[in-house]
Amino acid sequence: MQFASRLDNVETSAIRELFKLLGKPGIISFAGGFPDSAMFDVEGLKEASQKALTEEPGGALQYGATEGYEPLRSQLSAFMKTKGVDVDPSGLIVTTGSQQALDLLGKTMISPGDKVIVEGPTFLATIQCFRLYGAQLISAPIDANGVKTDELEKLIAEHKPKFVYLIPTFGNPSGAMLSLERRKKVLELAVKYQTLIVEDDPYGDLYFGEAPPPSIMALSKDVPGSRELLAHCGSLSKVLSPGLRIGWMIAPAELLAKATMCKQFSDAHTSTFSQATAAQYLKSGRMPATLAHVREVYGQRAQAMGAALKRELGDAVSFTQPQGGLFFWARLTGANGKLADASELAKRAIEQLVAFVPGAPFYAEKPDLATLRLSFATADVAKIEEGVKRLGQAL
């Protein structure tokens with residue numbers, strides 16, 4: 001068969017390939033980016049789905065509008081207001097997970113050869129998605145405070161990208177949190193260079209302790225002219241349930257219209273039953289308690305992993321303790337002659353029955369082979385401690 005030439009630009013996800021090795025009995029996995037299914041509010045979702053079927057079965061089970069189920073759009077509008085973003089229900093579309101929002105951005109914005117700036121490192125599926133549409137990806141360097149805005153400005157000025165894609169709050173894989181000062185700078189750059197900024201925010205509600213700075217979109221009201229240069233992608237996957245496949249995108253009206261048209265060709269609309277269930281859940285008022293619970297549990301696990309890494313790996317690894325999200329981003333230092341190649345360590349780790357993801361695939365260019373991503377979300381404290389101990393033995 002002769003496949004489309006666009007497939008020449010992408011390859012199978014390294015993470016998906018790694019998952020094939022995870023079937024060994026007794027393996028402890030820090031590889032996935034999944035939330036812990038033990039923390040899903042099953043009772044709340046059961047109640048919400050029953051209400052959806054009882055109160056408006058036609059709406060829940062019939063075809064629906066491509067833009068999204070109106071009661072859910074209203075609930076998402078209210079949810080965003082609690083986070084400082086004023087958006088009319090008509091100013092957002094519901095997507096099949098925030099992953100579809102990224103695909104719609106690729107379809108509507110990227111022509112072959114267009115330049116797009118992403119963080120280095122960034123979400124692997126974003127790299128694959130944008131490359132599928134022919135984008136030339138340029139990496140902007142980051143540190144513990146997110147993208148380095150001075151470097152970002154140089155790249156925008158030089159490359160004049162179609163848009164800039166950022167995960168400012170507890171990014172995947174970096175776990176980094178963009179500082180308030182840098183968030184404001186990003187908005188100023190958007191206006192100065194008239195460049196679209198895409199803010200992907202699936203992890204912003206998963207903070208431990210102090211809340212992060214407001215989203216870039218929430219801050220846009222303080223920077224005249226910036227709101228029309230922003231797209232914001234949200235998701236219920238990490239805080240409620242990935243199986244619902246509920247995400248949303250807020251964007252300028254012209255971009256939303258094009259994205260809606262492309263979504264119509266793709267899946268007609270996101271599952272109305274999932275949308276009706278999510279609408280009833282948000283309406284029920286259970287979300288704040290759900291968020292409080294997952295923040296507490298993930299916060300404890302993050303603390304346990306940080307302590308275990310220091311204890312078991314010592315100066316052979318460097319990292320910044322995450323303040324939220326699902327991930328540790330670490331770097332092998334090679335101290336005392338120890339291994340500094342994360343891919344080689346990953347092979348040794350599997351032999352010790354522990355798994356993680358090497359960091360190289362998360363870079364669109366110039367990968368750092370010493371980096372690795374560890375997720376603390378699905379293992380309890382005892383498994384985290386044992387898994388990191390095995391990692392130390394592998395090292």
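**View 1. Strands β11 and β14 of this predicted model pair side by side**. Here you can follow β11, residues 327-332, alongside β14, residues 371-375. The two strands run antiparallel, and five bridges join them. To find your bearings, look for F327, which stands opposite S375 in β14.

**View 2. Four strands form an open sheet**. Stepping back a little, we meet the sheet to which this pair belongs, with the order β10-β11-β14-β13 and antiparallel pairing. Which strands stand at the edges? They are β10 (317-319) and β13 (357-358), and each has a single partner strand, so one side of each is left without a neighbour in the sheet.

**View 3. The whole protein has 14 helices and 14 strands**. With a radius of gyration of 21 Å, close to the 21 Å that the globule rule gives for 395 residues, the protein is as compact as a globular protein of that length. Its C-alpha trace spans about 60 × 55 × 50 Å along the principal axes. Among the contacts with a separation of 6 or more, 74% are between residues 24 or more positions apart.

**View 4. Inside and outside of the protein.** Of the 395 residues, 57% are buried. What does the protein expose? The exposed area is about 17000 Å², and carbon and sulfur atoms supply 52% of it. If you like to think about charge, the protein has 42 positive and 43 negative charges, and the mean positions of these two groups are 2 Å apart.

Note on methods: Residues numbered from 1 in each chain as written. Predicted model: local features only at pLDDT ≥ 70, side-chain atom pairs only at ≥ 80, totals over all residues. Heavy atoms only, no water. Rg over C-alpha atoms; globule rule 2.2 N^0.38 Å. Buried < 20%, exposed > 50% of the residue type's maximum accessible area, 1.4 Å probe, protein only. Contact = heavy atoms within 4.5 Å. Areas by Shrake-Rupley, 256 points an atom, 1.4 Å probe, with all protein chains shown as cover. Lys, Arg positive; Asp, Glu negative; His and termini not counted. Charge placed at Lys NZ, Arg CZ, Asp CG, Glu CD. Pairing = 2+ DSSP bridges.
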